[in-house]
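Q: Please take a close look at the enclosed empty space in this model, and at the parts of the chain that bear on it. A connected account would suit me better than a list.

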Amino acid sequence: MKNIKNIQQLLILVIAMTVAFISCKKDEQVNNGVPRIQYVRVTAPESSDSLLVSAGQGNLVAIIGQNLQNTVEVWFNDQKSSLTSTYITSTSILVSVPSPIPTVITNKLKLVFANRDTLLYDFKVDISEPLVSGMENEYTLTGDVATIRGDFFYEPLTVTFTGGVTGELVSVEDKIIKVRVPAGATPGQVTVKTNFGETKSDFWFRDNRNIFISSDPFTGWWNASFVVSNPGAGDPPAINGNYIRVKKAIGAWSWMEIAGGPPDAMGDISKNVPDEAILKPADYNLKFELNTVKPYNGNVLKINVGLSNDFNANEYRWMPPYDTKGQWQTVTIPFEEIAKAYGAPLAVSAKGYYSRVWFHGPGDLDCDMSFDNFRIVPKIIKK
């Protein structure tokens with residue numbers, strides 16, 4: 001009997017200790033085990049004290065709190081994030097803000113836990129305004145379809161040309177807009193507008209700034225015979241008056257100038273390269289329109305522009321391949337790459353600049369290429 005009584009007392013003591021231990025552990029739980037979001041911050045260690053009340057699409061953020069280890073879903077507005085289990089702990093969750101645009105905007109962050117409980121937190125997703133990076137052909141003709149590249153093209157949207165006219169949307173994707181060019185569109189910036197903002201392009205539609213080689217009228221030493229004034233059947237259409245068409249076989253290492261000359265042969269057009277471009281080439285691009293009826297798949301197109309004293313033995317080389325498949329396209333070359341090719345700093349010249357475009361290089365080329373509107377223009381239009 002005595003042994004039985006001792007065993008009973010021992011059991012009571014064990015139960016009491018267990019209850020006390022469980023009660024103690026419960027009391028030690030942070031926030032009594034209830035999930036809580038304290039704040040959201042950036043993930044860079046050097047900026048860990050930067051707290052956020054909003055973030056842009058695709059940004060990685062850290063959700064800091066208590067008892068978060070059982071999180072199975074994270075939502076921003078009505079968009080579900082992709083979670084990685086190794087990025088979930090009791091005190092933090094690393095997650096990227098979803099890139100798709102929300103349909104229902106609540107400005108809430110929502111956590112869903114394994115037991116299906118939820119936790120809401122005030123947090124805004126900054127929907128990006130349109131990013132307009134370029135137009136496939138800056139000289140698209142009226143009535144034709146222009147292709148604009150960029151990002152965050154969320155419908156409904158409008159494309160407005162300088163002249164105050166709006167284009168007809170043909171198709172809209174997240175990174176590409178196809179828009180029919182309306183009558184009344186004039187040279188200048190293009191504006192893309194969505195419900196989340198509007199952006200003016202840094203390029204000009206039908207850019208008529210700083211053209212240093214043109215055929216309207218032809219000037220220079222070379223090659224008046226290449227100028228097309230009245231396109232016929234089978235010729236590329238004119239996009240800005242006359243254009244240059246080189247339609248002939250060019251043998252490897254043969255030397256053939258297309259256009260250009262010294263300032264006294266080019267005339268006032270030779271002064272169209274901006275002084276600022278000569279002083280800060282990195283702020284400018286060389287642009288021209290190109291139409292390859294046959295691919296540019298051999299030889300080398302060489303370019304001089306912005307030379308103040310004479311033609312340079314060190315020229316910029318625009319290498320093949322390139323094929324527009326019979327359509328006009330805008331070619332963009334950073335002007336600093338051209339300046340670097342010369343091996344010496346450029347110098348401002350009040351008398352104008354030497355310019356030259358010619359073929360000379362390895363490989364035979366069955367050439368049928370048209371050119372227009374050689375120009376030096378700023379990369380970014382300052383507001």
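A: The largest cavity holds about 50 Å³ of space, where a cavity is a set of points, on a 1 Å grid over the protein atoms alone, at which a 1.4 Å probe fits but cannot get out, and a volume is the space filled by probe spheres set on the points, with grid points joined across faces, edges and corners. The model is a predicted one, in which local features need pLDDT of at least 70 and side-chain atom pairs count only at pLDDT 80 or more, while totals for chains, interfaces and linings use all residues. Residues are numbered from 1 along each chain as its sequence is written, and side-chain values use heavy atoms, with hydrogens and water left out.

Thirteen residues line the largest cavity, and those nearest its centre are Ser215, Phe218, Trp222, Ile244 and Ala259; lining residues are those with an atom within 4 Å of a point. Strand S22 (residues 256–261) gives the largest share of this lining, three residues, strands being DSSP runs of E of at least two residues, numbered from the N terminus. By class, the lining has eight nonpolar, five polar and no charged residues, where Ala, Val, Leu, Ile, Met, Phe, Trp, Tyr, Cys and Pro count as nonpolar, Asp, Glu, Lys and Arg as charged, and the others, Gly among them, as polar.

A search of the whole structure finds two cavities of 30 Å³ or more, and the second largest has a volume of about 30 Å³. Its lining consists of Phe76, Asn77, Gln79, Val97, Pro98, Pro100, Pro102 and Val125, which by class makes six nonpolar, two polar and no charged residues.

Phe76, one of the residues lining the second largest cavity, is also among the residues in contact with Leu109, a list that leaves aside neighbours within four places in sequence and further includes Ile37, Val40, Ile63, Val74, Trp75, Leu119, Leu120, Tyr121 and Phe123; contact here means heavy atoms within 4.5 Å. Leu109 belongs to strand S8 (residues 108–113), and it counts as buried because its relative accessibility is 0%, the cut-offs being under 20% relative accessible area for buried, over 50% for exposed and partly exposed in between, with a 1.4 Å probe and protein chains only. Between Leu109 and Leu51, which are 58 residues apart in sequence, the C-alpha to C-alpha separation in space is 15 Å.

Terms used
Helices (H or I, at least four residues) and strands (E, at least two) are DSSP runs, numbered from the N terminus. On a 1 Å grid over the protein atoms alone, a cavity is a set of points where a 1.4 Å probe fits but cannot get out, and a pocket is an open set with protein on both sides within 12 Å along at least five of seven lines; lining residues have an atom within 4 Å of a point.
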